[in-house]
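Visitor: I have a protein on my screen and a head full of jargon. Could you show me how the labels are earned?

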Amino acid sequence: MAEFVADCPRCSTRGVTFVVRGDMSSKPNEWATVIEAFSICRICGGGSIGVFHVRNNGRVTLEATHSGKLSSGNGMLLDHYRFQGFLIPSTNLNINTPDHLPKNVDQCFREGATCFTVGAWNASAAMFRLALDLATKDRLPDKEAEEGGPNAKQRKVLFDRLEFLFGAGLLPSDLRELADCIREDGNDGAHDGTLTKADAEDLIDFAEALLERVYTEPARIELAKARRIERRSGGGALPAS
């Protein structure tokens, strides 16, 4: 069977062997062939699409190696093909983007999910932090600190803002434990660049839970109320959920 070694984009194992199960080729120009190969990680069993380049220079060609199909050959592909990386999906199907988010928050959350898909833990954390930063700024009262409102640091720093919002009852208290992933020194991705996959997953859990409570659930309740009013009034089409 045809195999190659690479870092798995699904389970993040480094230097794992992939087995090619199927492939297709195309020729973007006269001197190169591009191959997309559906490959299975021997560690997690997840499938990914690897991209290979072949230079058709009369010395190494598809016909000279595996009769035009990677999956029909045997041995290590990197002896003959140049591995370019894996095709990256635009969304991560394992991460649920909450509904009814403001456009800027939604964009940051989706960018964080995309970064997580490719194993960019620090970049992923930075985007999820930004989504939380934008969302929690909207929860702050307008009044100043001397009137019981947030001080300048609480308005500026995410960790301090969360502490204020939880303390003032402006965020659900049952989310407070999940907020431990937001550290006081802000080094979870933005500064030190030492995040692990588990760190990024903690941020995803907190961001998803908080955004659902702040935006998704209230919007669904309002839509349910609107549908009820329509039913009682004998109106026309009901609002979609």
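Guide: Sure, starting with what counts as an element: helices (H or I, at least four residues) and strands (E, at least two) are DSSP runs, numbered from the N terminus. By that rule, the chain has six helices and six strands, and their order from the N terminus is β-β-β-β-α-β-β-α-α-α-α-α. This is a predicted model, where local features need pLDDT of at least 70, side-chain atom pairs count only at pLDDT 80 or more, and totals for chains, interfaces and linings use all residues. Residues are numbered from 1 along each chain as its sequence is written, and side-chain values use heavy atoms, with hydrogens and water left out.

Visitor: Why is Cys-181 called buried?

Guide: Buried means under 20% relative accessible area, exposed over 50%, and partly exposed in between (1.4 Å probe, protein chains only). Cys-181 has 11%, so it counts as buried. You'll find Cys-181 in the loop between α5 (158-167) and α6 (197-233). Its C-alpha atom is 10.0 Å from that of Arg-129, 52 residues away along the chain.

Visitor: What makes α5 "mostly covered"?

Guide: Seven of the ten residues in α5 are buried. They are Leu-158, Asp-160, Arg-161, Leu-162, Phe-164, Leu-165 and Phe-166. These buried residues pack against α3, α4 (152-156) and α6. After α5 comes Gly-169, with a positive phi near 75°.

Visitor: How do you know that α3 is roughly parallel to α6?

Guide: Two packed helices are described by the angle between their axes and the distance between the axes. Axes are lines fitted to C-alpha atoms, for helices over the stretch in contact, and angles run from 0 to 180 degrees between N-to-C directions. The axes of α3 (residues 121-137) and α6 come within 9 Å and cross at roughly 20°. Angles under 35 degrees count as roughly parallel, over 145 as roughly antiparallel, 65 to 115 as roughly perpendicular and the rest as oblique. So α3 is roughly parallel to α6.

Visitor: Which classes of residue make the contact of α3 with α6?

Guide: Contact means heavy atoms within 4.5 Å. Among the residues involved are Trp-121, Phe-128 and Arg-129 of α3, and Lys-197, Leu-203 and Tyr-215 of α6. The class count for this contact is 13 nonpolar, no polar and two charged residues. Ala, Val, Leu, Ile, Met, Phe, Trp, Tyr, Cys and Pro count as nonpolar, Asp, Glu, Lys and Arg as charged, and the others, Gly among them, as polar.
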